[in-house]
Amino acid sequence: MKNGIVRFAALYVFNVAVLLLIGLVSAGVSVGFHALWAAVILTLAALFVKPLLTGAFRKAAAKSAADRTKTGEKVVQYVLVYLVELLIWVAVVWLSGVRASGFWSYALPPLFLLFGWMIYDQVDDKLRAKAGELYDAVQGRVSGKKSASASAAAPAASATTEAREELHDGLTPEQRRMLDELG
């Protein structure tokens with residue numbers, strides 16, 4: 001459950017930023033404070049609907065993939081991803097207070113979402129780690145545990161630390177060093 005909450009929170013914050021950027025850059029798109037609700041829709045779509053739609057589109061494309069080249073395959077993949085993004089963008093506009101008027105206000109934001117999610121995939125691990133730390137800190141405060149007391153405890157002796165490391169892999173520090181030098 002923690003992983004799901006952390007993933008949702010990290011993607012939500014990122015989606016709010018992308019939606020605000022879309023509102024600033026795209027003519028004919030009005031986002032404003034509706035970005036908060038629209039990001040919920042966008043995040044849920046990214047976590048649940050996007051994988052389902054992508055899988056369905058890929059199955060349909062695989063049936064017609066008789067004699068495609070590698071370049072043609074990439075073009076088809078990008079078109080399919082864009083179509084998924086377009087459907088998600090239409091759902092965001094329809095279900096939230098985001099307003100879009102004109103052809104370009106429907107055609108360009110899915111590209112921004114696509115680029116935004118490509119960037120998100122690159123920084124996903126770091127965002128999840130940071131969100132996980134925040135989640136643990138909040139959960140510690142709510143449950144009454146103090147993380148400061150754990151860090152203020154007396155540091156373990158080096159012999160105890162070495163003994164604990166040996167328990168994990170059965171190797172002494174000298175053996176670990178020798179193996180590291182080999183490989």
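## Exercises on a predicted model

In this model, a polar atom of the Ser 105 side chain sits 2.8 Å from the backbone oxygen of Gly 102. That fits the cut-off for a polar contact (a pair of N or O atoms within 3.5 Å; within protein, one must be able to donate a hydrogen and the other to accept it, and residues adjacent in sequence count only if both atoms are side-chain atoms).

Before you start, note that the model is predicted, that local features need pLDDT of at least 70 and side-chain atom pairs pLDDT 80 or more, while totals for chains, interfaces and linings use all residues. Residues are numbered from 1 along each chain as its sequence is written, and side-chain values use heavy atoms, with hydrogens and water left out.

**Exercise 1. Describe the fold and say how confident the predictor is in its parts.**

Step 1: Take the elements. The protein has seven helices and two strands, where helices (H or I, at least four residues) and strands (E, at least two) are DSSP runs numbered from the N terminus. Along the sequence they follow the pattern α-β-α-α-β-α-α-α-α.

Step 2: Turn to pLDDT, the predictor's confidence in each residue, from 0 to 100. Its mean over the protein is 76, and 77% of the residues reach 70 or more.

Step 3: Look for the extremes. Strand β2 (residues 99-100) has the highest mean pLDDT among the elements, 88, and helix α5 (residues 147-152) the lowest, 46. Over residues 147-154 the pLDDT is below 50, and this stretch has zero contacts in the model beyond near neighbours in sequence. Here, contact means heavy atoms within 4.5 Å.

Step 4: Check how the chain folds back on itself. Among contacts between residues at least 6 apart in sequence, 70% join residues at least 24 apart.

**Exercise 2. Is Ser 105 buried or exposed, and which residues does Ser 105 touch?**

Step 1: Find Ser 105 in helix α4.

Step 2: Apply the accessibility classes: buried is under 20% relative accessible area, exposed over 50%, and partly exposed in between (1.4 Å probe, protein chains only). Ser 105 counts as buried because its relative accessible area is 1%. Over the whole protein, 27% of the 183 residues count as buried.

Step 3: List the neighbours. Leaving out residues up to four places away in sequence, Ser 105 touches Ala 27, Gly 28, Val 29, Trp 89 and Ala 100.

**Exercise 3. Compare the settings of Ser 26, Leu 86 and Phe 115.**

Step 1: Begin with Ser 26, in the loop between α1 and β1 (29-30). Ser 26 is buried because its relative accessibility is 7%. Beyond four places in sequence, Ser 26 touches Pro 109 and Phe 112.

Step 2: Move to Leu 86 in helix α3 (residues 70-95). With 25% relative accessible area, Leu 86 is partly exposed. Leu 86 touches Tyr 106 and Pro 110, again not counting residues up to four places away. Leu 86 and Tyr 106 are 20 residues apart in sequence, and 7.4 Å separates their C-alpha atoms.

Step 3: Finish with Phe 115 in helix α4. At 47%, Phe 115 is partly exposed. Its C-alpha lies 9.4 Å from that of Val 18, which is 97 residues away in sequence.

**Exercise 4. Which residues and elements line the second largest pocket?**

Step 1: Fix the term. On a 1 Å grid over the protein atoms alone, using a 1.4 Å probe, a pocket is an open set of points with protein on both sides within 12 Å along at least five of seven lines, and lining residues have an atom within 4 Å of a point.

Step 2: Give the volume, about 180 Å³, meaning the space filled by probe spheres set on the points.

Step 3: Name the lining. Of its twelve residues, Arg 7, Leu 11, Ala 46, Lys 50 and Asp 121 are the closest to the centre. Two or more lining residues come from each of α1 (2-25), α2 (35-63) and α4 (104-143).
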